[in-house]
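Got your viewer open and a selection box ready? Let's take a walk through this model, one stop at a time.

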Amino acid sequence: MQIQKIINKKVDREDYDQFINPIHQKMKDENDNKKPTFKECISVIKRLYRLEMNKPLPKHYEFKTTSGNRHTWCRSRTWKINSQTTWEDIIHKSCHWIEYRKYGSDAKIHNLNSFRMEKRFVEYAYKHKWHLGALIKATKTKVEVNKDALMIDRLEKNIISWEKKIKKANTFIKKYSKQLKYYKKKVANGIVAKPRAKGYKIESYKQKAERLLELNPNIELDPFYEYGGEQKFFPCKIFQVNDEHWDNEHNEEWCSADHEHYSWKSLYEEILYYSVNK
């Protein structure tokens, strides 16, 4: 409560004469008491608002120029800036308006918050030499360009671009011509791929082998199961085949190492060899 009383207390005139007014006087002396332009006033309001609020001025605010004895102030989201406004006046009015935006109903004219804010604004403006034209954007000199020269340059680039496209097109024409020649020769020799039926699915070697075993029950397999389980299928041997090797002891044919397989592909190929029904 005591701090709030100190803040709300009105600052003495002597403090303004000591800390703020001398800077305003320096600005007048250095720019020969030149007044800011309408665009410079807009830049002052926007930059001071961003400096204090840490965000840009909302876009719905408008700026209009006025004259006579009308004050520079913002009403109904419209800043009316008098053409005779000085640097001191625009900074001072901006300070009070930003103070209302920041503190709301707690804002008190010329209290400690207001004084410190205006002091910051004046020092910032003087440091960045706003009064010496730092806010005026340099106008770019307009360079006259010959339209015919531009058209010549554009046409030359278009020709180079289309030449590249022609080169690329010739490359593809050569490629596809070779493919066309190959397929015409293939068709002429009667090598035509049969179209696959709708829903056709490619069988794996395992599926092919299982299908042949169902069609040829005389072919038996001897898969390898580790410890009586079903963890390993390979190596796998084929029984009941016309093997040249003969088991003389038991007078029966037997499966030699030539019939051991370690993949479904090789197993399928041998089953296919001995299959009657395919």
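What follows is a tour of aromatic pairs, charges over rings, a pocket and a cavity.

**Getting oriented**

Keep in mind on the way round that this is a predicted model. Colour by secondary structure to begin: the protein chain has 9 helices and 7 strands. Of its 278 residues, 26% count as buried. For the contacts with a separation of 6 or more, 53% are between residues 24 or more positions apart.

**Stop 1: Trp73 and its neighbours**

Select Trp73, which lies in strand E2, and show its side chain. Which residues does Trp73 touch, leaving out those up to four places away in sequence? They are Thr78, Trp79, Lys80, Lys93, His96, Trp97 and Tyr100. If you draw a C-alpha distance from Trp73 to Trp97, you should get 8.0 Å, for two residues 24 apart along the chain.

Now turn to the rings. A search of the whole structure gives 12 aromatic pairs. One of them joins Trp73 and Tyr100 in an edge-to-face arrangement, with 6.4 Å from centre to centre and 85 degrees between the planes. The two partners come from distant parts of the chain: Trp73 from strand E2 (residues 73-75) and Tyr100 from helix H5 (residues 87-103), 27 residues apart.

Are these two rings buried or exposed? Trp73 has a relative accessibility of 21% and so counts as partly exposed, the cut-off for buried being under 20%. Tyr100 is partly exposed as well, at 29%.

Widen the selection to Tyr49, Tyr61, Trp73, Trp79, Trp97 and Tyr100, and you have a cluster linked by ring pairs.

**Stop 2: Tyr205 and Tyr268**

Next, select Tyr205 and Tyr268. Their rings make a tilted pair, 5.8 Å centre to centre with 50 degrees between the planes. Tyr205 belongs to helix H8 (residues 205-215) and Tyr268 to helix H9 (residues 264-274), so this pair ties together parts 63 residues apart in sequence. With a surface display on, compare the partners: Tyr205 is partly exposed at 35% relative accessibility, whereas Tyr268 is buried at 13%.

Stay with Tyr205 and add Lys208. The charged end of Lys208 sits over the Tyr205 ring, 5.3 Å from the ring centre.

**Stop 3: Trp162 and Lys165**

Another charge over a ring can be seen by selecting Trp162 and Lys165. Here the charged end of Lys165 is placed over the ring of Trp162, at 4.1 Å from its centre.

**Stop 4: the largest pocket**

Which residues line the largest pocket? Select Thr37, Lys39, Glu40, Ile42, Ser43, Arg47, Leu135, Ile136 and Lys137 to display the lining. The space inside comes to about 230 Å³. Coloured by class, the lining shows 3 nonpolar, 2 polar and 4 charged residues.

**Stop 5: the cavity**

The last stop is enclosed. The structure has 1 cavity of 30 Å³ or more, and the largest cavity has a volume of about 80 Å³. Select its lining: His24, Met27, Lys28, Asn31, Asn33, Lys34, Lys35, Thr86, Trp87 and Glu88.

Which helix gives the most to this lining? H3 does, with 3 residues. Helix H3 (21-30) and H5 each contribute at least two. By class, the lining of the largest cavity splits into 2 nonpolar, 4 polar and 4 charged residues.

Key
Residues numbered from 1 in each chain as written. Predicted model: local features only at pLDDT ≥ 70, side-chain atom pairs only at ≥ 80, totals over all residues. Heavy atoms only, no water. Phe/Tyr/Trp six-rings, centres within 6.5 Å; stacked < 30°, edge-to-face > 60°. Helix = DSSP H or I, 4+ residues; strand = E, 2+ residues; numbered from the N terminus. Buried < 20%, exposed > 50% of the residue type's maximum accessible area, 1.4 Å probe, protein only. Lys NZ or Arg CZ within 6 Å of the ring centre and 35° of its normal. 1 Å grid on protein atoms, 1.4 Å probe; cavity = no way out; pocket = protein on both sides within 12 Å on 5 of 7 lines; lining within 4 Å. Points joined across faces, edges and corners; volume = space filled by probe spheres on them. Nonpolar A, V, L, I, M, F, W, Y, C, P; charged D, E, K, R; others polar. Contact = heavy atoms within 4.5 Å.
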